[in-house]
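Hello,

Here is the structure you were to receive, with my notes on it underneath. Please read the notes with the model open.

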Amino acid sequence: MVVLAASIITKTGKPLLSRQFVDMSRIRIEGLLAAFPKLVGSGKQHTYVETENVRYVYQPLESLFLLLVTNKQSNILEDLETLRLLSKLVPEYCQITLNTYEHQPLDEETVQKFAFDLLFAFDEVISFGHKENVTLQQVKTYTEMDSHEEKLHKMIIQSKINDTKDVMKKKASEIDKDKVHKMRDGAKSSFPGLGSISSGGMGGFASEAFDQEPGMGGMGADRLDDLGMGAPAFVAPSRTDSGARVSAAPKKGMVLGGKSGSTNKFLEAMKAEGEMLDSESTPSTRHVAATPVAQQVPTESVSIAIEEKLIVTLKKDGGLESMEVQGTMALEVLNEDDAFIHIHIETGSNKGFQFKTHPNIDKGLYSKNNTLGLKDPNRPFPAGSPLGVLKWRMQTSDEDQVPLSINCWPSTSGSESYVSIEYEATGDFDLQGVVIAVPLPQMRDAPVVNQVDGDYHYDPRRNVLEWSIDLIDDTNRSGSMEFVVPASDQSVFFPVEVSFASKKTFCDVKVLRVTATEGGEPVKFGYSTGMQTGGYTVV
């Protein structure tokens with residue numbers, strides 16, 4: 001058996017990657033690969049094609065071909081075994097979607113991105129044209145080149161970095177303390193006569209005056225305590241004529257933050273342009289906003305999340321251009337002791353859906369019992385990060401499947417354009433946080449909204465009018481909005497972008513229970529479902 005080359009090409013014959021295992025010119029291999037699509041086009045259901053000089057052994061990979069070019073004297077059974085191993089390696093190295101919810105198809109861009117990883121893997125499988133006696137796991141181990149010395153070196157480097165960070169924190173703390181001491185010393189030297197202020201002619205400067213004077217910019221008794229000048233030095237003096245004259249004087253001695261009128265005008269101008277200003281909030285509001293919101297910590301060690309992303313393109317003249325649903329079941333295990341589990345699910349008819357399990361999931365167990373478990377029962381699920389164990393996809397052009405239809409009707413009359421936009425939702429979903437963003441032409445003033453079901457917000461920076469509905473359920477399956485802007489072309493109001501979320505999913509899949517791999521005891525788990533838009537437009 002002699003394998004001349006292992007290649008990945010498109011269905012039109014464009015070579016994406018090719019590894020030659022014998023001396024062969026580039027023109028020769030390009031000619032062989034270019035001739036292959038013409039030989040396959042006969043419609044025969046075979047996995048090999050022969051010519052006068054070589055044999056092609058191939059396997060389709062979505063929109064690509066995995067191809068072995070061998071001589072005619074090679075053992076075709078061994079060629080097929082080699083092809084089968086390579087077909088497992090390509091998705092393993094290209095479709096890096098194990099810890100993400102995004103679907104990553106095996107296409108030209110993906111192969112080119114992981115080209116060198118695939119070449120190294122091919123070299124581990126085939127040596128000088130002959131197949132090596134290796135498995136998929138051995139190839140991954142060889143290509144990763146795990147080194148104990150390298151790990152030890154990285155640990156030492158990381159330890160040095162951590163020590164340096166600790167030293168930096170100590171130095172920064174010392175610098176901050178020095179600054180505080182200098183500020184206190186400077187404040188004491190700036191007011192040398194404060195100790196006898198009660199016996200002089202400063203009768204009006206009693207401790208109550210510091211507490212109640214709004215023009216002191218917060219320079220009350222509490223602040224003086226921080227500066228090392230406690231309140232006992234400010235003894236309330238007897239009311240003398242000089243004290244009365246001082247207290248009756250205009251209270252503008254230490255007013256901070258003057259000329260607030262110009263600042264307020266600037267803030268009002270920014271607010272008119274659509275800026276959200278934190279400075280206008282009350283002190284209590286600012287305090288609450290600054291406090292970090294506590295994140296919900298899962299109480300169960302095992303959490304399962306079913307999430308779907310809806311990608312829809314509607315036509316502005318009516319009808320559906322395309323619709324795609326991408327779904328993922330993600331498993332997250334916090335405790336490694338609970339990682340030896342089986343997930344028992346239930347699925348409905350799910351017409352038009354295509355399902356795909358993680359490469360490490362036992363497909364036989366899934367097809368027979370609707371149970372998701374690892375091929376190796378002695379191996380635990382990875383802990384600490386979400387793992388996509390099941391994915392599904394559905395594409396349709398059936399307009400009845402669309403959960404929310406949008407119709408936008410712009411018309412021009414004189415010097416004004418009237419835009420009527422309406423929505424109509426199906427009864428299958430309750431939609432939350434619905435936002436319909438309509439682009440507007442360049443204009444100085446905000447649009448005039450004559451009628452709206454819900455709320456609206458005009459963003460002058462983006463030139464967008466956002467129509468928002470908190471919840472669409474059986475009480476408001478349809479609604480409309482009408483607004484007026486200066487006369488403009490109808491194409492200005494497109495594309496309309498829509499976003500929403502729902503707790504219900506298109507795919508009928510449920511998690512019945514989670515059990516331990518050994519013994520079958522039930523395991524407590526958290527469960528959530530949700531669907532959101534990933535690109536919902538009207539063009």
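With the side chain of which residue does the side chain of S301 make a polar contact? The partner is D338, and the distance is 3.1 Å. Please keep in mind that this is a predicted model.

Around S301

S301 sits in the loop that runs between α11 (283–290) and β8 (302–314). Its relative accessibility is 16%, so S301 counts as buried, the limit being under 20%. Besides the contact with D338, the side chain of S301 reaches a backbone atom, the nitrogen of N335, at 3.0 Å. Leaving aside residues up to four places away in sequence, S301 touches E332, V333, L334, N335 and D338.

A second side chain to backbone contact involves D459, which is found in strand β18 (residues 455–459). A polar atom of the D459 side chain lies 3.2 Å from the backbone nitrogen of R461. D459 counts as buried, at 15% relative accessibility.

The chain as a whole

The chain has 539 residues, and buried residues make up 35% of them. Its secondary structure comes to twelve helices and 23 strands. If contacts between residues at least 6 apart in sequence are taken, 68% of them join residues at least 24 apart.

Helix α2

Helix α2 covers residues 76–94, which is 19 residues. At 1.5 Å a residue the expected span is 27 Å, and the end C-alpha atoms are 27 Å apart, so the two values agree. At the N-terminal end the helix is capped by N75, with a side-chain oxygen 3.0 Å from the backbone nitrogen of L77. The buried residues of α2 are D79, T82, L83, L85, L86, S87, L89, V90, E92, Y93 and C94. Charged residues, D79 and E92, are among them.

A three-stranded sheet

One open sheet consists of three strands in the order β12-β10-β22, and the pairing is antiparallel. β12 (371–372) and β22 (509–516) are the edge strands; each has a single partner strand, so one side of each is left without a neighbour in the sheet. Strand β10 (residues 341–347) is joined to β22 by seven bridges. Within that pair, I345 of β10 stands opposite V511 in β22.

Cores

The largest nonpolar core holds 66 residues. Which of its members touch the most other members? They are M329, F381, L404, I436 and F483. Not counting residues up to four places away in sequence, F483 touches S417, Y418, V419, V438, L440, P447, V448, V449, N450, L465 and F493. There is also a second, separate core of 30 residues, which includes A6, L16, L66 and A115.

Cysteines

How many disulfides does the model contain? The count is zero, where a disulfide would need a pair of cysteine sulfur atoms within 2.5 Å. Of the cysteines, C408 is buried with a relative accessible area of 7%, and C507 is buried with a relative accessible area of 2%. C94 in α2 is also buried.

Backbone points to check

Most residues other than glycine have a negative phi, and most peptide bonds are trans. Three places in the model are listed here with that in mind.

- The peptide bond from F494 to P495 is cis, its omega being near 0 degrees. P495 is placed in the loop between β20 (478–486) and β21 (496–502).
- E62 has a positive phi, near 55 degrees. E62 belongs to the loop between β4 (54–61) and β5 (64–71), and at 45% relative accessibility it counts as partly exposed.
- N370 has a positive phi as well, near 55 degrees. N370 is in the loop between α12 (363–369) and β12, the latter being an edge strand of the sheet described above. Is N370 buried, exposed or partly exposed? At 23% relative accessibility, N370 counts as partly exposed.

Regards

Note on methods
Residues numbered from 1 in each chain as written. Predicted model: local features only at pLDDT ≥ 70, side-chain atom pairs only at ≥ 80, totals over all residues. Heavy atoms only, no water. Helix = DSSP H or I, 4+ residues; strand = E, 2+ residues; numbered from the N terminus. Expected span 1.5 Å × (residues − 1). Buried < 20%, exposed > 50% of the residue type's maximum accessible area, 1.4 Å probe, protein only. Polar contact = N/O pair within 3.5 Å; in protein donor to acceptor, adjacent residues only side chain to side chain. Pairing = 2+ DSSP bridges. Core = buried A, V, L, I, M, F, W, Y, C linked by side-chain atoms within 4.5 Å. Contact = heavy atoms within 4.5 Å.
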